[in-house]
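Okay, everyone, thanks for coming. Let me put the structure up, and then I'll walk you through a few side chains.

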Amino acid sequence: YYILDNKEKVFLVDRRNGSKEELERPQIAGTNIALKKPSLPFYFDNIPKDIGEFDIWFDDLYRKENIAYLLKSGKFNLPKKILDNWGRNIFSFRYIPGPLWHCFALWGFEKAMVWIIDKPELIKYACGKFTDYAIDLISISRKIRTKGIWIIDCMTDMVSFEHYKEFNLNF
């Protein structure tokens, strides 16, 4: 196999028979697997750049991902049934993105790192909102009898200790 990049599309090519499989290019802006694309109205240059735009984005996410909606949607029926029946035999956990990690996921690593310096009020505001969201996810996990929470806070070793205190420990 080899990668063929013709500047418009990228393919994985099988050397044996020449068959091609189109691959997706990596995204420039951030995304988060917990925040599905339909919940992300902002992409690339259209990401929230201030608190007002962030509130619009977050309200759209929260409307689709709040506790009442998620529990009513049936999304957690299967995990709850599994935990009700076999939960005593396993250590079930749910991962929750940390607030700053959510910022990296939304804005991408480079932009979030720059905005920690250039727009700290936006990052701090977003961290507060993402903390509220994380608490809701933890509440859902409790309702379906999850035994543990794994807080994912990647790349926080790449910020200064002062920024770590400001954007992580405060939340």
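How many residues apart are Lys-80 and Asp-84 in helix H3, and about how many helical turns is that? One thing before I get to it: this is a predicted model, so keep that in mind as I go.

Right, back to helix H3, which covers residues 77–86. Lys-80 and Asp-84 sit 4 residues apart there, so about one helical turn separates them. Those two form a salt bridge, with the closest N and O atoms 2.9 Å apart. Neither end is hidden away: Lys-80 is partly exposed at 28% relative accessible area, and Asp-84 is partly exposed too, at 35%. There's a third player here, since salt bridges that share partners join Lys-80, Asp-84 and Arg-145 into one network.

While we're on charges, the general idea is that side chains of opposite charge can pair when their charged atoms come close. In this model the count comes to 5 salt bridges, and I want to show you two others.

Which parts of the chain does the pair of Glu-166 and Lys-124 link? First the pair itself: their side chains meet in a salt bridge, 3.6 Å from N to O. Glu-166 is in helix H7, residues 161–169, while Lys-124 is in helix H6, residues 120–143, so this one links distant parts of the chain, 42 residues apart. On accessibility, Glu-166 counts as partly exposed at 26%, and Lys-124 counts as partly exposed at 34%.

Now for Arg-16 and Asp-14. Their side chains also meet in a salt bridge, at 2.7 Å from N to O. Here the two ends fall into opposite classes. Arg-16 is exposed, with a relative accessible area of 68%, whereas Asp-14 is buried, at 6%.

Okay, cysteines. How many disulfides does the structure hold? The answer is 0. If you click on Cys-103, you'll find that the nearest cysteine sulfur is that of Cys-127, 3.9 Å away, and Cys-103 is in no disulfide. The view from the other side matches: Cys-127 is in no disulfide either, and its nearest cysteine sulfur belongs to Cys-103. Why don't they count as a pair? Because a disulfide needs the two sulfurs within 2.5 Å, and these are 3.9 Å apart. As for the surroundings, Cys-103 counts as buried, at 0% relative accessibility, and Cys-127 likewise counts as buried at 0%.

Next, a loop residue. Thr-146 lies in the loop between H6 and strand S5, the strand being 148–152. Buried or exposed, would you say, for Thr-146? Buried, with a relative accessible area of 18%. And what does Thr-146 touch? Leaving out residues up to four places away in sequence, the contacts are Leu-83, Ser-92, Phe-93, Arg-94 and Ser-141.

Last stop, the surface. Leu-78, Ile-82, Trp-86 and Ile-90 form a nonpolar patch there, and together they have about 400 Å² of accessible area. Leu-78 takes us back to where we started, because its place is in helix H3 and, at 56% relative accessibility, Leu-78 counts as exposed.

That's my tour. Who wants to rotate the model?

Technical notes. Residues numbered from 1 in each chain as written. Predicted model: local features only at pLDDT ≥ 70, side-chain atom pairs only at ≥ 80, totals over all residues. Heavy atoms only, no water. Buried < 20%, exposed > 50% of the residue type's maximum accessible area, 1.4 Å probe, protein only. Salt bridge = Lys/Arg side-chain N within 4 Å of Asp/Glu carboxyl O. Helix = DSSP H or I, 4+ residues; strand = E, 2+ residues; numbered from the N terminus. Contact = heavy atoms within 4.5 Å. Patch = residues over 30% accessible without salt bridge, like charges linked within 9 Å, V, L, I, M, F, W, Y side chains within 5 Å. Areas by Shrake-Rupley, 256 points an atom, 1.4 Å probe, with all protein chains shown as cover.
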